[in-house]
Amino acid sequence: MRKPVYLDYAATTPVAPEVATRMAECLTLEGIFANPASRSHMYGWQAEEQVEEARAQVAALINADPREIVWTSGATEANNLALKGIAESYRAQHKAGGHIIVSAVEHKAVLDPAIWLESQGFRITRLAPTNEGIICVDSLSAALEPDTFLVSLMQVNNELGVINDVKALAALCKSRNVLLHCDAAQSAGKIAIDVKGLGVDLLSLSAHKFYGPKGVGALYVRRSGEVKIAAQIHGGGHERGMRSGTLATHQLAGMGQAASLAAEQLVTDSIRIAQLRDRLWQGLEDLPGIHRNGSATNCVSGILNIAFGNIDGEMLLLSLRDLAVSSGSACNSASMSPSYVLKAIGLSDEAAQASLRFSIGRYTTADEIEFAIEHIRSVIAKLQKA
Ligand SMILES: *Cc1c(COP(=O)(O)O)cnc(C)c1O
């Protein structure tokens, strides 16, 4: 059996070869295996040096100070730490629940902590996006209340690829003395991020979305008396008390190396990937009833979300055996439920179910795109006959 062409880079990316090498050097007896928290011998100091080099590399990717980087197990944990950590310290100060704003199209790693905080007495507003999937400054402005203390909005949507104007959203938050957390799992390494220029207070990263390993990420926490997060994992006071646990040297070194590579290759990667994305769309856009979800202009280069009109989505995905892509529906235990993101931008259940997300990455070739176009066209021709 031939392997399907991988067009699911927004779900996860393979580890870059250079990254795998650096990770391997942090595992065995001959390598840098020690506990970075061991202060009493050379082995520990070397491990700590690796971790701090990685911290500087990740900080450089987003123009942060290395002291503003808190290591986590990924963006899910970073989002949880941001939302719950800020909410807990707000409650300690104000002795009451306050108001938090998120959007309806955030990743589950923001929406689910928000549901949990709601159960703990905080009020949550979920902003509706435009029909392109973007959160407007005006809708945020209208939703702010006197006791709003935290806004959490993503920079790039993982299903649509659309980009929010984080700088404008942050300026509004600042003017109202509200903290802004940004889930940047899909934007880091894809578009330039400058936390200082953007004016965000907290920002989540995930290594495996930019050719680093899975199971590692970071939360940027702006150094300021206003941004206090309560730890959610206790046990030894690592990461200046914000996140305990022995640091995984190999994971962090891998994330650091991946961050450096991403920064180096950001412009060339994104230009090449945009050309492949445009070719893919050009090869499909004349199909009857086809429609591009999201925005064709305000989006990252790697994500193309397409609604294939009048086609059964489940059948389409099943028939596209030679492509690894994501569907516009989530596989629940029993059934396929249409994507809440596509529903939120106004798609019908049928249109959402007939949508696919193609995501292109650093290792996608022009041949793979040509193959994908032919494969999709032939599958759709067959489905339309049936
Ligand atoms: C992948 C992703 C996450 C989760 O990151 P993990 O590191 O896999 O936990 C969160 N938010 C967005 C937007 C993502 O794309």
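Contact here means heavy atoms within 4.5 Å. With that cut-off in hand, welcome to a set of close-up views of a predicted model.

**View 1. Lys 84 and its surroundings in helix α3.** Our starting point is Lys 84, a residue of helix α3, which covers residues 75-94. Setting aside neighbours within four places in sequence, Lys 84 is in contact with Pro 113, Trp 116, Leu 117 and Gln 232. Look also for Asn 80: its side chain and that of Lys 84 form a polar contact at 2.8 Å. Which residue lies 146 places from Lys 84 in sequence but 7.7 Å away in space? That is Ala 230, with the distance taken from C-alpha to C-alpha.

**View 2. The two domains side by side.** Step back to see how the domain assignment divides the protein: domain 1 takes residues 5-13 together with 265-385, and domain 2 takes residues 17-261. Between the centres of domain 1 and domain 2, taken over C-alpha atoms, there are 28 Å. Domain 1 brings 26 residues to the contact, and domain 2 brings 33.

**View 3. The interface of domain 1 and domain 2.** How much area do the two domains bury between them? The value is about 2,500 Å², with 54% of it on carbon and sulfur atoms. Polar contacts link 14 residue pairs across this interface, counting pairs with both residues at pLDDT 80 or more. Salt bridges between domain 1 and domain 2, by contrast, number zero.

**View 4. The side of domain 1 that touches domain 2.** Here are three elements to pick out: α8 (249-282), β10 (303-308) and α10 (340-344), each supplying at least two residues of this side of domain 1. The largest share comes from α10, with four residues. Sorted by character, the residues of this side of domain 1 comprise 13 nonpolar, 11 polar and two charged.

**View 5. An open, antiparallel sheet of four strands.** If you trace the sheet across, its strands come in the order β9-β10-β15-β12, with antiparallel pairing. Which strands sit at the edges? They are β9 (290-293) and β12 (326-327), each of which pairs on one side only.

**View 6. Where β12 meets β15.** Finally, zoom in on strand β15, residues 355-359, which pairs with β12 in the antiparallel sense over two bridges. To find one of the bridge partners, start at Ser 327 and look across to Leu 356 in β15.

Methods
Residues numbered from 1 in each chain as written. Predicted model: local features only at pLDDT ≥ 70, side-chain atom pairs only at ≥ 80, totals over all residues. Heavy atoms only, no water. Domains from an automatic or database assignment. Buried area = accessible area lost by both parts, 1.4 Å probe. Salt bridge = Lys/Arg side-chain N within 4 Å of Asp/Glu carboxyl O. Polar contact = N/O pair within 3.5 Å; in protein donor to acceptor, adjacent residues only side chain to side chain. Nonpolar A, V, L, I, M, F, W, Y, C, P; charged D, E, K, R; others polar. Pairing = 2+ DSSP bridges.
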